[in-house]
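Work through the exercises below with the sequence and the model side by side. Try each task before reading its solution.

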Amino acid sequence: SPGGERTIFSFRGANVALAPAPSTLLDGARWLHISAYALFEGSQRRSTLELLDAALARKLPISLDLCLPVLRAWHHEIEALLPRLAILFANEHELVALCPAPTQDEAAAQLLGTGLPLAVIKLGPRGCLLASSGLSQQHPTFPVPALDTNGCGDAFVAGFLAAHLRGAELAHSVG
């Protein structure tokens, strides 16, 4: 839309036929990032859960980028995953659905109470909220004209993880 909002009509396509990963897939990996869409249904869900278990067995850090359809379908399972993650990425709507609370800070505190070490809440044009033990900071973004917001959250997560894996401080990983 002219204001930068998006509507997505998705088709699962070949994703539903994702087969289990070979045991060597994680060889040399330093991190596993999962898009929650991979946890939605079918063999893709089973394969992703197997990959998550394999990463945990190797003590690889794992991040999850949440999505509302999966959260609605698997709310309790997502809650059970939280203490197993290194980072949870969520937008404001996903945060409210996962942890209803009067404020974002209180919702983030609920997340951290599960054992999750770091929550990164995407706030769109207002930047993001970083929450970890002893830290809850909103980081603004720089203004840009909204032409097409599709993929912005994914690009943010990719940039954050790339900076984080290079050893950047959290505040530098967000911008």
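pLDDT is the predictor's confidence in each residue, on a scale from 0 to 100. This is a predicted model: local features need pLDDT of at least 70, side-chain atom pairs count only at pLDDT 80 or more, and totals for chains, interfaces and linings use all residues. Residues are numbered from 1 along each chain as its sequence is written, and side-chain values use heavy atoms, with hydrogens and water left out.

**Exercise 1. Confidence**

Task: State the mean pLDDT of the protein, and find where confidence is lowest and highest.

Solution. Step 1: the mean pLDDT is 87. Of the residues, 93% reach 70 or more. Step 2: go element by element, taking helices (H or I, at least four residues) and strands (E, at least two) as DSSP runs numbered from the N terminus. Confidence is lowest in β6, at a mean of 79. It is highest in β2, at 98. Step 3: keep a caution in mind. Where pLDDT is low, the predicted coordinates should not be read in detail.

**Exercise 2. The sheet**

Task: Give the strand order of the sheet, and say which strands stand at the edges.

Solution. Step 1: apply the pairing rule, by which two strands pair if DSSP finds at least two bridges between them. Six strands then form an open sheet, ordered β1-β2-β3-β4-β5-β6, with mixed pairing. Step 2: look for strands with a single partner. These are β1 and β6 (135-139), at the edges, so one side of each has no neighbour in the sheet. Step 3: add the twist, which averages 15° from one strand to the next. Here axes are lines fitted to C-alpha atoms, for helices over the stretch in contact, and angles run from 0 to 180 degrees between N-to-C directions. Step 4: examine one pair. β1 and β2 run in the parallel sense over four bridges. Leu64 in β2 is the bridge partner of Ile34.

**Exercise 3. Helices on the sheet**

Task: Which strands does α1 touch, and which does α5 lie across?

Solution. Step 1: use contact, meaning heavy atoms within 4.5 Å. α1 packs on the sheet and touches β1 and β2. Its direction makes about 155° with that of β1. Step 2: turn to α5 (residues 104-113). This helix lies across β3, β4, β5 (128-132) and β6. It runs at about 40° to β5.

**Exercise 4. Salt bridges**

Task: How many salt bridges does the whole structure hold, and what does the Asp27 pair tie together?

Solution. Step 1: recall the principle. Side chains of opposite charge can pair when their charged atoms come close. The criterion is a side-chain nitrogen of Lys or Arg within 4 Å of a carboxyl oxygen of Asp or Glu. Step 2: the search of the whole structure gives four. Step 3: take Asp27 and Arg58, whose closest N and O atoms are 3.0 Å apart. Asp27 lies in the segment before β1 (32-35) and Arg58 in the loop between α1 (42-57) and β2 (62-65), so the bridge ties together parts 31 residues apart in sequence. Step 4: check exposure (buried is under 20% relative accessible area, exposed over 50%, partly exposed in between; 1.4 Å probe, protein chains only). Asp27 is partly exposed at 48%. Arg58 is partly exposed at 37%.

Step 5: repeat for Arg84 and Asp53, with closest N and O atoms 2.8 Å apart. Arg84 sits in the loop between α3 (75-81) and β3 (87-91), and Asp53 in helix α1. Both are partly exposed: Arg84 at 35%, Asp53 at 43%.

**Exercise 5. Lys122**

Task: Is Lys122 buried or exposed, and with which residue does its side chain form a salt bridge?

Solution. Step 1: Lys122 is buried, at 15% relative accessible area. Step 2: its side chain meets that of Asp65 in a salt bridge (2.8 Å, N to O). Lys122 is in β4 (residues 118-122) and Asp65 in β2, so the pair ties together parts 57 residues apart in sequence. Asp65 is buried too. Step 3: Lys122 also touches other residues, including Phe89, Cys128 and Phe156.

**Exercise 6. Cysteines**

Task: Why do Cys67 and Cys99 form no bond?

Solution. Step 1: a disulfide needs two cysteine sulfur atoms within 2.5 Å. Step 2: the sulfur of Cys67 is 16 Å from that of Cys99, its closest cysteine sulfur, which is too far for a bond. The structure holds zero disulfides. Step 3: Cys67 is buried at 1% relative accessibility, and Cys99 is buried at 6%.

How values were computed
Lists of a residue's contacts leave out its neighbours within four places in sequence.
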